[in-house]
Amino acid sequence: MSQWDPSARLSYWAFHGDRRPAYMRFAYLQLGSDAAAEEAVDAAFDSIMGEWPRMLHMDRLDAYAWTVLKQRIAGRQYRRGPWPEPTDTSAFEAALKEAHAEADQYDVLTDAIRFYSAVSRLAERQRDTVLLRYGLECTPGEAAAIMGVDEATVRSQLGQAQRRLALLLDTSAGS
């Protein structure tokens, strides 16, 4: 980094400051602990820093950085072993509680488990958009910026995810 020109350093730290909070929240949803999320995000930013001068010439710098983050999260999940730690579902549970304010707590918990199970069965890109949109409450535009894709892509993925979730939840309700 010491050999970089000042504008490259500034742009890296601006990117880091802008993306780190969202990356941490997303990694936490995936890994279930602050320590694991911080380890994965720090590893991602170390890799990004090493590639930053080259990345500055990329058309989709954000998409590349998102890929690096996803790889570091997957690596952290792999090192965790065959018994994954539970992922935090509090955002989903809170949404379900709002929708079922007068419902039995057992029903709310059952719905949360069914919903999270269905989300885990989505295609990776759909799952990412659902987690960013509903788990982290990002707007489609914010999710698109984090993932480095067009907002139309996020909206399309959300639509596909909603149709798939409707099918999965309808199928599992009949079981």
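Colleague: Which residue does Arg 19 pair with at 2.2 Å between the closest N and O atoms?
Modeller: This is a predicted model, where local features need pLDDT of at least 70, side-chain atom pairs count only at pLDDT 80 or more, and totals for chains, interfaces and linings use all residues. Numbering starts from 1 along each chain as its sequence is written, and side-chain values use heavy atoms, leaving out hydrogens and water. A salt bridge here is a Lys or Arg side-chain nitrogen within 4 Å of an Asp or Glu carboxyl oxygen. At 2.2 Å, the partner of Arg 19 is Asp 18.

Colleague: Is Arg 19 buried or exposed?
Modeller: Its partner Asp 18 is partly exposed, at 48% relative accessibility. The classes are buried under 20%, exposed over 50% and partly exposed in between, with a 1.4 Å probe and protein chains only. Arg 19 has 8% relative accessibility, so the label is buried.

Colleague: Which helices does the salt bridge between Asp 62 and Arg 19 tie together?
Modeller: The closest N and O atoms of Asp 62 and Arg 19 are 3.2 Å apart, and Asp 62 is partly exposed at 23%. The residues are 43 apart in sequence, so the pair ties together separate parts of the chain, namely helices H3 and H1.

Colleague: Then which residues make up the salt-bridge network that includes Arg 19?
Modeller: Arg 19 pairs with Asp 18, and also with Asp 62. Put together, the network members are Asp 18, Arg 19 and Asp 62.

Colleague: How many residues separate Glu 124 and Lys 70?
Modeller: Their side chains meet in a salt bridge at 3.0 Å, N to O. Glu 124 is partly exposed with 44% relative accessible area, while Lys 70 counts as buried at 14%. Glu 124 sits in H6 and Lys 70 in H3, and the separation is 54 residues.

Colleague: Which helix gives the most to the largest nonpolar core?
Modeller: That core (buried Ala, Val, Leu, Ile, Met, Phe, Trp, Tyr and Cys joined through side-chain atoms within 4.5 Å) has 45 residues, with Tyr 23, Ile 48 and Leu 132 touching the most other members. Helices giving two or more residues include H2 (34-55) and H8 (151-173). The top contributor, with ten residues, is H1.

Colleague: And how many strands does the chain have?
Modeller: Helices are DSSP runs of H or I, at least four residues, and strands are E runs of at least two, numbered from the N terminus. From that end the elements run α-α-α-α-α-α-α-α. That makes eight helices, and the strand count is zero.

Colleague: What share of the 175 residues counts as buried?
Modeller: In H2 alone, the buried residues include Val 41, Phe 45, Ile 48 and Trp 52. Over the chain, the share is 39%.
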